[in-house]
Amino acid sequence: MEINLISDTVTKPSNEMLQYMFNAKVGDDVYKQDPTVNDLESAVAQLFGMEDALFFPSGTMANQTAIKLHTNPGEQVICDKYSHIYHYEGGGASFNSGVSCCLVDGKRGMITADLVKNAINDPEFYHAPLTSLVSIENTTNKGGGACYDILELKKIKQVCIDNNLKYHLDGARLWNAMVAKKQHPKQFGELFDTISVCLSKGLGAPIGSILLGSKADMKRALRIRKILGGGMRQSGYLAAAGMYALQNNMLRLDDDHRRAKELAELLKTLSWVEKVEPVETNILIFSVRASLEEKWVIEKLKQKNIYISSMGHGKLRIVTHLDYREVMHSYVLETLSKMQF
């Protein structure tokens, strides 16, 4: 029994999801003639109370499209120092849009309205890049699955309005945040100019993300997606997986969160663990004591068929997900409790 806790992207479609995909009605989505893709886009837009949506092969492409929508070359994006758009999208912001990132020193990947306000360049000071976009991530990946308070997001929105800035949400794991904080999609839809949501992480679809926004922005996004090579043909088979995931896999995210918290509570009691970051959703980050290299922990767990990942500097990451079942969870808890270094 192999237990992969490296990411929630490792899940495989269930038999029920595969059957749903197999039965999908499809067309050519490049011509916007795939009925299943159109239905998914419409359903997600309606869920968030936003005008329109566009299906993408990846969250990175959806985010990169949003950045290009809202900026011009030479301008600047404000984001947290841990942001996915800065660390894990291959330098795409600079390559695709010609923009720089102003990295804000937030807390666990989350920034505040005051931090945003202080990071905005004076638009009259032409020596500095023009600030045009604020991008936030919810939940935060490098921040250990932390969730924003909706009131702080509203305060940041007001700063954006006051300074004529666009507002993007990288919501790759927004589903986890909404379940954990008991929030509704429309609370986010009314705040942001664009939102990207991933279907292939907590929800268990094999591929796909959605970008949401105004009809005008999604019309422009369609062209940008084409430029980036993201146009797919009979992608309704993939969209069907996303539709099934939305209908069947949302509420069970609570199980992932519970298991991550139970793992965290155990790790706090172990002598070789230095620190466990707070756990709100399905990502657990912990540090080992200074005399212990994280690769030793990874290797020892690998010998027990348990796979986790290193974040460097003594930090390790565990991500719970749809395919991490209760029997596996019991085995991991028992294995960790017996480990000695």
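**View 1. The annotated domain, residues 4-289, is 41% helix and 17% strand.** Welcome to a predicted model. Across this stretch, the C-alpha atoms at the two ends lie 24 Å apart. The boundaries come from UniProt, where an unreviewed entry places the feature "domain: Aromatic amino acid beta-eliminating lyase/threonine aldolase" at residues 4-289.

**View 2. Helix H8 packs against helix H12.** Here residues 174-181 form H8 and residues 253-267 form H12. Their axes are 9 Å apart and meet at an angle of about 80°, which makes H8 roughly perpendicular to H12. On the H8 side, look for Trp175, Asn176, Val179 and Ala180; their partners in H12 are Leu253, Asp254 and His257. By character, the residues of this contact split into four nonpolar, two polar and one charged.

**View 3. The largest nonpolar core has 58 residues.** Good places to start are Phe48, Val134, Trp175, Ile195 and Leu212, the residues that touch the most other members. Helix H11, residues 236-248, supplies the largest share of this core, with seven residues. Trp175 also takes part in the contact of H8 with H12.

**View 4. A close-up of Ile195 and its surroundings.** Leaving aside residues up to four places away in sequence, Ile195 touches Phe48, Met50, His168, Leu169 and Leu174, and also Phe188, Gly189, Ile210, Leu211 and Leu212. Among these partners, Phe48 and Leu212 are listed with Ile195 as residues touching the most other members of the largest core.

**View 5. A second, separate core is made of 28 residues.** Its members include Leu284, Val297, Ile298 and Leu301.

Note on methods: Residues numbered from 1 in each chain as written. Predicted model: local features only at pLDDT ≥ 70, side-chain atom pairs only at ≥ 80, totals over all residues. Heavy atoms only, no water. Axes fitted to C-alpha atoms, helices over the stretch in contact; angles between N-to-C directions. Helix = DSSP H or I, 4+ residues; strand = E, 2+ residues; numbered from the N terminus. Parallel < 35°, antiparallel > 145°, perpendicular 65-115°, else oblique. Contact = heavy atoms within 4.5 Å. Nonpolar A, V, L, I, M, F, W, Y, C, P; charged D, E, K, R; others polar. UniProt positions renumbered as here; feature names shortened; annotations may be inferred. Core = buried A, V, L, I, M, F, W, Y, C linked by side-chain atoms within 4.5 Å. Buried < 20%, exposed > 50% of the residue type's maximum accessible area, 1.4 Å probe, protein only.
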